[in-house]
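Welcome! Let us walk through this structure together, one group of features at a time. Keep the 3D view open as you read.

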Amino acid sequence: MNKYIVNSLMLGVGTALMLSSCSDSFLKDKKDYDNVTPEVYNDLTGASARVNDIYAWCLPDANSAANWKYDCTGVRDEQSKSTEEFSGFTIFTDPRTEMSVSNNNVPDYFQNTMNNIQASVWGRIRNINDCIEGLENSTLSQSQKNELLGQVYFFRAWCYYNLVKWYGGVPVIKSVEEPLPDSYAPRSSAKDCIEFICSDLDKSAKLLAPFTMKGGWSGDNWGRVTTGTALALKGRVLLLWASPLFNRTNDKARWTAAYNDMKAELDSINACGYGLYTTSGNVNGSDFAGQFTQIKSPEAVFVTLYNTVLSGDGQKNNSWERYIRPRNATGSGYNPSAMIVDEFPMADGKRPADCDNYTKLDVSDSLYNKSYPFIARDPRFYRTFAFPGVRWAFNGDATTANTNNPSYDAGTNYVLWNYVWYTSVSDEGDVESGNEYGADNLLGNVAGLYVRKRSDDLDVNSSPLYSFDGKQTNGGFAFSAEPYMEIRYAEVLLNYAEAACGAGQLETSVEQLKKIRARAGYTAADNYGLQSNLTSDQATCMSAILYERQIEFAYEGKRFDDLRRWLLFDGGVNFDKISGAPASWKLTGWGGNTSTWLGFKPLNGQRRENIEFRTQNEYGVGGTTYTSDPVLMLYVKELASQQGVSVSDILKNNNPYDLAKKIRPAGVDLRKSDLAGQLYTLKAWYSKYLIRKEKKGDSYDSNHIPLYIDFLPRYYLLGLSHGAMNNNVGLPQTVGWKDTSGQSGSFDPLAE
């Protein structure tokens, strides 16, 4: 890395409140904690402000697409859309467009903008190194230094982890360098980078132990990183190093090292107050849903806090609720793919018969009928997706945004009715037609199903973390203080389970799966929905763990990394097709094909489609207004005939939503224990009025021929972008990629 690039200080962030929604008194004296002199570290207030500035720049952001600064947090970005969670091709999966430096379309997670140090990965790392040196050389007491240094070491490791998972070896810069344009720090090996990251995390854990291992931080400091945070991230890093992406031979020593570390350090994580979020009133997965709406959840091992401040330096709002809520509740709406909807387990914990992505896992005894995907599913299904006829309460009057929106008692009794109709018969059977209109004033802004995951559901959290304002142009839920958890305790357990499985400790793996399943609502009576051979078959056990991760962490930004770690786009069989790839890149572990070993159907060659529920043919077509719902209009016509009045008279003298309630069942209420009965009532209504329609998800070509996912093998380890190559001429390009002059890359990310 060119030392000139990383030397300049970032300017004027002044946003330490990004750390916490609780206190901002320390911000009153200073607004710029980047333009500093070494003396600032001699004062605890100044030194703390510098550390808070590191938080401000380095904490994950629930609102941002994955980029140079932020990892994927579940928004509908290029990474999430490259998984089963959403449809729509991305630069990673589009068979029509190949990534290359010459095309200038390679995502740049390495550097970003060269001439703006605020917008550079290396600017953050430079600031962190300055903070470390400043604290170590300050006149603060050793205890004060340790408390602050422990936090800063964590964030240096966090920055490097997000580079290494994409590029393998990167320049390791441990100090503040002088601006010498002809001086470079070379790319270190991936092994050296992993060891450097783990070393920083060990330092962080040790330094923070006196402050955090008696239940964690308290008061306004809650949410800061702890010993447990550092050790949890270390577990994730060691798991990455043991995974097929970097461990092509399946070197068991790496798995054993990861397992031994996680086993030894779990007690320390627990001592920081972390654990699965549970209550005594878990109904239909309410504990699973409730963990996301707690300001101080024990689940939150690495967390970003938000607030409901509307403007100014202290504003830090979480927009997730606005992203996922339907338009008639003033949201935008996220539409899940049919693939992930159909992949979720059945109520007995087994995969549906139609889900062929995990063939080593037992098929459910329950018949899965795609026409009614909500029948007899894993409790987490109902907390991850919303479908026509389900209650999804909130606190806010959506009629202030649009008078035609249904009120549902100011949202407190909101029921999602997002079935659709078409304006012509020819469109009804056309998978490419977008001429559908959604019920309850959703009209052209309708989704077939909705992502419900991480929702601040009023039925789960009676004290919402948002300040609803339907008149806001960016959505009534824009001002939310819901925390975002980058590392949940569930991940700590599933990382441990995966490492144990790789090390051959299958019983330990299954123990962790049972804990996750128990919180979801399964019981020992049915072995927590797990099949019996997981403790005797390593491949099946690992497949079960990856399936559990897919379900547990859906829409949390984790799936793409898991697919890459395990080479699940093609099973890792195509590395010999990479120009210049050394023999060491060949996958020799896992039988030479991770997908075959796991029984997982590779994503390459598959498509993600969408689904919706439209009115059945016998109800005819509708119009373009919220009162032209064919099901509703049939009832209105019947009333008009019975009363001897016109249809317009019925609509004039009655609220359309009051009329609709008379022909619809009550919304499925997840607070009630008789969920199965409610769902079968809804199924009967569907069978009379609605039909499932497949909708085009991934693209077609110009001749309307379906296209299929094509993730090239060199994408597993990313090359340096056009900008990075132009401005860092001394850095070698990654094997499999060409530099700006067209020369093949020479840097081997797997070399030790």
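## A covered helix

Helix 3 is mostly covered, with 21 of its 26 residues buried. Here, buried means under 20% relative accessible area, exposed means over 50%, and partly exposed lies in between (1.4 Å probe, protein chains only). Helices (H or I, at least four residues) and strands (E, at least two) are DSSP runs, numbered from the N terminus.

Helix 3 takes in residues 142-167 and reaches 36 Å from its first C-alpha to its last, close to the 38 Å expected at 1.5 Å a residue. That expected span is 1.5 Å times one less than the number of residues in the helix. Just after helix 3 comes Gly168, with a positive phi near 70 degrees.

## About the model

This is a predicted model, in which local features need pLDDT of at least 70 and side-chain atom pairs count only at pLDDT 80 or more, while totals for chains, interfaces and linings use all residues. Residues are numbered from 1 along each chain as its sequence is written, and side-chain values use heavy atoms, with hydrogens and water left out.

## Helix 5 and its neighbour

How many residues of helix 5 are buried? The count is 16 of its 16 residues, so-called "mostly covered". The helix runs over residues 227-242 and should span 22 Å at 1.5 Å a residue; its end C-alpha atoms are 23 Å apart, which agrees. At the N-terminal end of helix 5, Thr226 acts as a cap: a side-chain oxygen lies 3.1 Å from the backbone nitrogen of Gly228. A polar contact is a pair of N or O atoms within 3.5 Å; within protein, one must be able to donate a hydrogen and the other to accept it, and residues adjacent in sequence count only if both atoms are side-chain atoms.

Lys234 forms a salt bridge with Asp261, and the closest N and O atoms are 2.6 Å apart. Lys234 lies in helix 5 and Asp261 in helix 6 (residues 252-271), so the pair ties together parts that are 27 residues apart in sequence. Lys234 is buried, at 6% relative accessible area, whereas Asp261 counts as partly exposed at 23%.

## More salt bridges

A salt bridge is a side-chain nitrogen of Lys or Arg within 4 Å of a carboxyl oxygen of Asp or Glu. A search of the whole structure finds 45 of these salt bridges. One of them joins Glu548 and Arg517, at 2.9 Å from N to O. Glu548 belongs to helix 14 (residues 538-552) and Arg517 to helix 13 (residues 506-520), so this pair ties together parts 31 residues apart in sequence. Are these two residues buried or exposed? Both Glu548 and Arg517 are buried. They also take part in a network of salt bridges whose members include Glu299, Asp378 and Arg380.

Lys370 and Asp342 meet in a salt bridge too, at 3.9 Å from N to O. Lys370 is in the loop between helix 9 and helix 10, and Asp342 is in helix 9, so the pair ties together parts that are 28 residues apart in sequence. Lys370 is partly exposed at 32% relative accessible area, while Asp342 is buried at 9%.

## Rings in pairs

Rings of Phe, Tyr and Trp (its six-membered ring) pair if their centres lie within 6.5 Å; planes under 30 degrees apart count as stacked, over 60 as edge-to-face and the rest as tilted. The whole structure holds 59 aromatic pairs. In one of them, Phe374 and Tyr686 have ring centres 4.9 Å apart and planes at 75 degrees, so the pair is edge-to-face. Phe374 sits in the loop between helix 9 (338-343) and helix 10 (379-384), and Tyr686 in helix 20 (residues 675-689), 312 residues apart. Phe374 and Tyr686 are both buried.

## Two strands side by side

Strand 9 (residues 610-615) has six of its six residues buried, so it is largely enclosed by the rest of the structure. Strand 9 is joined by six bridges to strand 10 (residues 690-695), and the two run antiparallel. Two strands pair if DSSP finds at least two bridges between them. To find one bridge yourself, look at Asn610, whose partner in strand 10 is Lys695.
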